[in-house]
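Grab a pencil and work through these exercises with the model open beside you. Try each task before you read its solution.

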Amino acid sequence: MESPHKPKPLSISLFYLFLLLSTNLLTLFISTNFYSPCSLSAANTASVTIPASTTTAHHLTHSTLDEDQTTSDLPAEFLAFTSAQKLKFGFNTNMDSDRIIPPVGRPCTQFPNELRRYMSYKVNGSCPDDELLAQKLLLKGCEPLPRRRCRPAAQPEYVEPYPLPTSFWTTPSDKSVVWTAYTCKNYQCLIDRMKTQKGFDDCKDCFDLQGREKARWTKPPVSGGLDFSIDEVLAVKKPGTIRIGLDIGGGVATFAIRMKARNITIITTSMNLNGPFNSFIAARGVIPMYISISQRLPFFDNTLDIVHSMHVMSNWIPTTLLHFMLFDIYRVLRPGGLFWLDHFFCVGDELEDVYVPLINSIGFQKVKWVLGPKLDRGAELREMYISALLEKPLKHSW
Ligand SMILES: *[C@@H]1O[C@H](CO)[C@@H](O)[C@H](O)[C@H]1NC(C)=O
Ligand SMILES: *[C@@H]1O[C@H](CO)[C@@H](O)[C@H](O)[C@H]1NC(C)=O
């Protein structure tokens, strides 16, 4: 362990100082040039870039040094966004600060090339059509992505969604989506892809609303089966007490649609993995949230009545990350709230060695707990499912 009092060699200190100064001069230079067309923002930025010296630049210097980079390599718009900005009315007791430092994922600066591409655009112009780049950057850990000052790619002739309740089960117009990032270039292709395309795709058959999607969570439950029905789950609590919740990695949000029919509001997190999941969810008339499984859930402690997750939470997630994720779910659930872990899967011994102890350790009470073999890829792989309904204790949950 390094002693905190160990003095830094003078050469390193000087190097930092050099970086600090060069970065801030650069920021100042870039921003004053960038904003010169607009006198209003030019005035803002001049006051904005100066305080950066003490905080942001120093922080950036550290993370970028690891990558043998300097902040001067970072795009001007990135620095403009992430630099500390002085509060107009001075010290704020809520913040305990006189400045605000807009957030991005700490790993952003570890990917300077992608970041540079992402943050290169004309201010007040059209953003590049770069969804795939943005998503890769985000999934690698640059989450949240930095804000941009440009207009996102959109269809030239956007078609508005169908009205409720038609929108729930009707395929939206192709003209509500920018298709650049996906193999398919229209919804019919996505509906057909189970039959017409080889290879794996996340939620491959989900866009076919008349297919398997139609029946999910509505079938009468089989005793001891892995498929719980929504009504069976809701029956665990007093009628009407499950009102708001979250579906993590919820595909095309059929769970939220089914819950909406029961007057329950569900937010669905989803990525756009080779399909316009977020646009599709929104077009159906429920709320998509574009965050990865790594991101802290943007809800306050003890607030949600239910959290559901199917498919995404499985043994592909690094165990430490999964441990944090389970505690985060516990955090946002209110006491008495339900965590429906739907078809978690893993292989053979992992189940008893890793996952059962991990899930048991969080503090949930088991309402339903079913283990069963996963056979779709053959029994010899010894893949196992867990379907569980877990309840955060009403008392002493802390
Ligand atoms: C920003 O863009 C809009 C729309 O293109 C334009 O009307 C406006 O004049 C621009 N503002 C500045 C300050 O360039
Ligand atoms: C949903 O709420 C509406 C309006 O409050 C009500 O009329 C309807 O019966 C509710 N539906 C269910 C399934 O609870």
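## Warm-up: the whole chain

In this predicted model, 65% of the contacts in the chain with a separation of 6 or more are between residues 24 or more positions apart. The chain has 12 helices and 11 strands, and buried residues make up 29% of its 398 residues.

## Exercise 1: the strands around β9

Task: Work out in which sense β9 pairs with β8 and in which sense with β11.

Solution. Start with β8, residues 304-310, and β9, residues 333-347: they pair in the parallel sense over six bridges. To check the register, look at Ser309, which stands opposite Leu341 in β9.

Next, bring in the helix. β8, helix α11 (residues 319-332) and β9 make a right-handed β-α-β unit.

Now turn to β11, residues 383-391. β9 pairs with β11 in the antiparallel sense, over eight bridges. Here the register marker is Phe339, which stands opposite Leu390 in β11.

## Exercise 2: the nonpolar core

Task: Find which residues touch the most other members of the largest nonpolar core, then list the contacts of Val307.

Solution. The largest nonpolar core has 51 residues, and the ones that touch the most other members are Val307, Phe339 and Leu341. Its largest share, eight residues, comes from β9.

Now zoom in on Val307. Skip its neighbours within four places in sequence, and you get contacts with Gly245, Leu246, Ile248, Ile329, Val332, Leu333 and Phe339. Another core, of 12 residues, lies apart from the one just described; Leu79, Ala80, Cys108 and Leu138 are among its members.

## Exercise 3: two helices and their buried residues

Task: Which residues of α7 are buried, and what do the buried residues of α10 pack against?

Solution. Take α7 first, residues 187-196. Its buried residues are Tyr187, Leu190 and Arg193. Looking down the axis of α7, you find these buried residues within an arc of 100°, so they line one face of the helix. Swing round to the other side of α7 and you meet Gln188, Lys195 and Thr196, which are exposed.

Then take α10, residues 277-284. This helix is mostly covered, with six of its eight residues buried: Phe277, Asn278, Phe280, Ile281, Ala283 and Arg284. These buried residues pack against α9 (254-260), β6 (265-269) and β7 (287-289). Just after α10 comes Gly285, with a positive phi of about 105°.

## Exercise 4: backbone oddities

Task: Where do Pro144 and Pro165 lie, and where are Cys203 and Asn263 found?

Solution. A reminder before you start: most residues other than glycine have a negative phi, and most peptide bonds are trans.

Begin with the prolines. The peptide bond from Glu143 to Pro144 is cis, with omega near 0°, and Pro144 sits in the loop between α6 (131-140) and β4 (150-151). Leu164 and Pro165 are also joined by a cis peptide bond, with omega about -5°. Pro165 lies in the loop between β4 and α7.

Move on to phi. Cys203 isn't a glycine, yet its phi is positive, about 55°. You'll find Cys203 in the loop between α7 and α8 (230-234). It has 19 C-beta neighbours inside 10 Å, so Cys203 counts as partly exposed.

Asn263 isn't a glycine either, and has a positive phi of about 65°. Asn263 is in the loop between α9 and β6. With 9 C-beta neighbours inside 10 Å, Asn263 counts as exposed.

## Exercise 5: a proline in a strand

Task: Is Pro373 buried or exposed, and which residues does Pro373 touch beyond four places away in sequence?

Solution. First, place the residue: Pro373 lies in strand β10, residues 365-374.

Second, count neighbours. A residue is exposed if 12 or fewer other C-beta atoms lie within 10 Å of its own. Pro373 has 11 C-beta neighbours inside 10 Å, so Pro373 counts as exposed.

Third, look for contacts. Leaving out residues up to four places away in sequence, Pro373 touches Ala379 and Met384.

Last, try a distance. Pro373 and Leu226 are 147 residues apart in sequence, and their C-alpha atoms are 9.6 Å apart in space.

Terms used:
Residues are numbered from 1 along each chain as its sequence is written. Chains are lettered from A and ligands numbered from 1 in the order in which they are written. This is a predicted model: local features need pLDDT of at least 70, side-chain atom pairs count only at pLDDT 80 or more; totals for chains, interfaces and linings use all residues. A residue is buried if 20 or more other C-beta atoms lie within 10 Å of its own, exposed if 12 or fewer, and partly exposed in between; C-beta atoms are placed from the backbone. Helices (H or I, at least four residues) and strands (E, at least two) are DSSP runs, numbered from the N terminus. Two residues are in contact if their C-beta atoms, placed from the backbone, lie within 7 Å. The arc is that of the directions from the helix axis to the C-beta atoms. Two strands pair if DSSP finds at least two bridges between them. A crossover is right-handed if, with the strands pointing away from the viewer, the path from the first strand over the helix to the second runs clockwise. A nonpolar core is a set of buried Ala, Val, Leu, Ile, Met, Phe, Trp, Tyr and Cys residues joined through C-beta atoms within 7 Å.
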